[in-house]
Amino acid sequence: MRVPAVIDIEASGFGKGSYPVEVGYVLPDGRRYCTLIRPQPEWTHWDAAAERLHRIPLSVLRTRGRAPAEVCARLDADLGGRTVYSDAWSHDLSWLHRLYDAAGSTPAFRLESVRALLDETELSAWHPAREAVMRDLRGERHRASVDALAVQRALCRLKGLSVPEAAA
């Protein structure tokens, strides 16, 4: 197995009406990217509990967020043709579709659950491995790309793969 590309999406909340506020990913070579997403006028759901978790105020998204079309173009440029993995597949897939719908396009990559990479033994060790990596990364800011990096490193630990140089 080779080191996978991993994506993470922070959102305005959970459930119906929630939307992506930040997307981050880490490539197999360890390079990372993270960006804020400007909410669209029809994206109105905002959960204060979600904001406390990701620490991104709505006002910052409105002033510093990138347009969905710009974000999607970058995702497609870096991730196009790949299978990209997520540890929260059902949520991230929903938010990814919301982002691409706003951009009027479809992803040039395939999103898959990290569970598809894990056997039964690895699956039972998944949460402790991810928690250990998060402790290792405790000095990093909570960002979508850091969450993606934690998932990638936990996968590397479980699969006995070397951590990519750019991420080390």
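1. Let's start at a loop. G104 is exposed, with a relative accessible area of 67%. You'll find G104 in the loop between α4 and β5. Before going on, keep in mind that this is a predicted model. In that model, the C-alpha atoms of G104 and C72 are separated by 9.6 Å, and the two residues are 32 apart along the chain.

2. Now look at F109, which also has its place in the loop between α4 and β5. Is F109 buried or exposed? F109 counts as buried because its relative accessibility is 8%, and the cut-off for buried is under 20%. Leaving out residues up to four places away in sequence, F109 touches L75, D76, L79, G80, G81, R82, V84, L96 and Y100. By contrast, S18 is well away from this spot: the C-alpha atoms of F109 and S18 are separated by 22 Å, with their positions 91 residues apart along the chain.

3. On to the sheet. Five strands form an open sheet, and reading across it the order is β3-β2-β1-β4-β5, with mixed pairing. The edges are β3 (32-36) and β5, each of which pairs on one side only. On average, neighbouring strands are turned by 30° against each other, direction ignored. Helix α3 (residues 68-79) packs on this sheet and touches β1 (5-11), β2, β3 and β4. The direction of α3 makes about 15° with that of β2.

4. The β3 edge first. Strand β2 (residues 20-26) pairs with β3 in the antiparallel sense, over five bridges. If you want a pair to click on, Y25 has Y33 in β3 as its bridge partner.

5. Then the β5 edge. How do β4 and β5 run? Strand β4 (residues 83-86) and β5 run parallel, and four bridges join them. T83 stands opposite R110 in β5. Together, β4, helix α4 (residues 89-103) and β5 make a right-handed β-α-β unit, and the loop between α4 and β5 is where G104 and F109 sit.

6. Strand β5 (residues 110-113) is worth a look face by face. L111 and S113 are on its covered face, while R110 and E112 are on the uncovered one. As background, in a regular strand the side chains alternate between the two faces of the sheet. S113 is buried, since its relative accessible area is 14% and buried means under 20%. Not counting residues up to four places away in sequence, S113 touches Y85, S86 and W89.

7. Next, helix packing. α3 and α4 pack at an angle of about 115°, and their axes are 8 Å apart. The crossing of α3 and α4 is left-handed. On the α3 side the contact is made by P68, A69, V71, C72, L75 and D76, and on the α4 side by L96, L99, Y100, A102 and A103. Several of these names came up earlier: L75, D76, L96 and Y100 are among the residues that F109 touches, and C72 is the residue whose C-alpha atom is 9.6 Å from that of G104.

8. The other helix pair is α5 (residues 120-136) with α6 (residues 144-159): their axes come within 8 Å and cross at roughly 125°. Because of that angle, α5 is oblique to α6. The contact involves E122, A125, W126, A129, R130, A132, V133, M134 and D136 of α5, along with D147, A150, V151, R153, A154, L155, R157, L158 and K159 of α6. α5 passes α6 in a right-handed crossing.

9. One residue in that contact deserves its own point: R130, in helix α5. Is R130 buried or exposed? R130 is buried, because its relative accessible area is 18% and the cut-off is under 20%. Leaving aside neighbours within four places in sequence, R130 is in contact with D87, D147, V151 and A154. Of these, D147, V151 and A154 belong to the α6 side of the helix contact.

10. Last, a backbone point to check. R55 has phi near 60°, a positive value in a residue other than glycine. R55 is found in the loop between α1 (48-54) and α2 (58-64). R55 is exposed, given a relative accessible area of 69%.

Definitions and conventions
Residues are numbered from 1 along each chain as its sequence is written. This is a predicted model: local features need pLDDT of at least 70, side-chain atom pairs count only at pLDDT 80 or more; totals for chains, interfaces and linings use all residues. Side-chain values use heavy atoms; hydrogens and water are left out. Buried means under 20% relative accessible area, exposed over 50%, partly exposed in between (1.4 Å probe, protein chains only). Helices (H or I, at least four residues) and strands (E, at least two) are DSSP runs, numbered from the N terminus. Two strands pair if DSSP finds at least two bridges between them. A crossover is right-handed if, with the strands pointing away from the viewer, the path from the first strand over the helix to the second runs clockwise. Contact means heavy atoms within 4.5 Å. Axes are lines fitted to C-alpha atoms, for helices over the stretch in contact, and angles run from 0 to 180 degrees between N-to-C directions. Angles under 35 degrees count as roughly parallel, over 145 as roughly antiparallel, 65 to 115 as roughly perpendicular and the rest as oblique. A crossing is left-handed if the near helix is turned anticlockwise from the far one by less than a right angle, and right-handed if clockwise.
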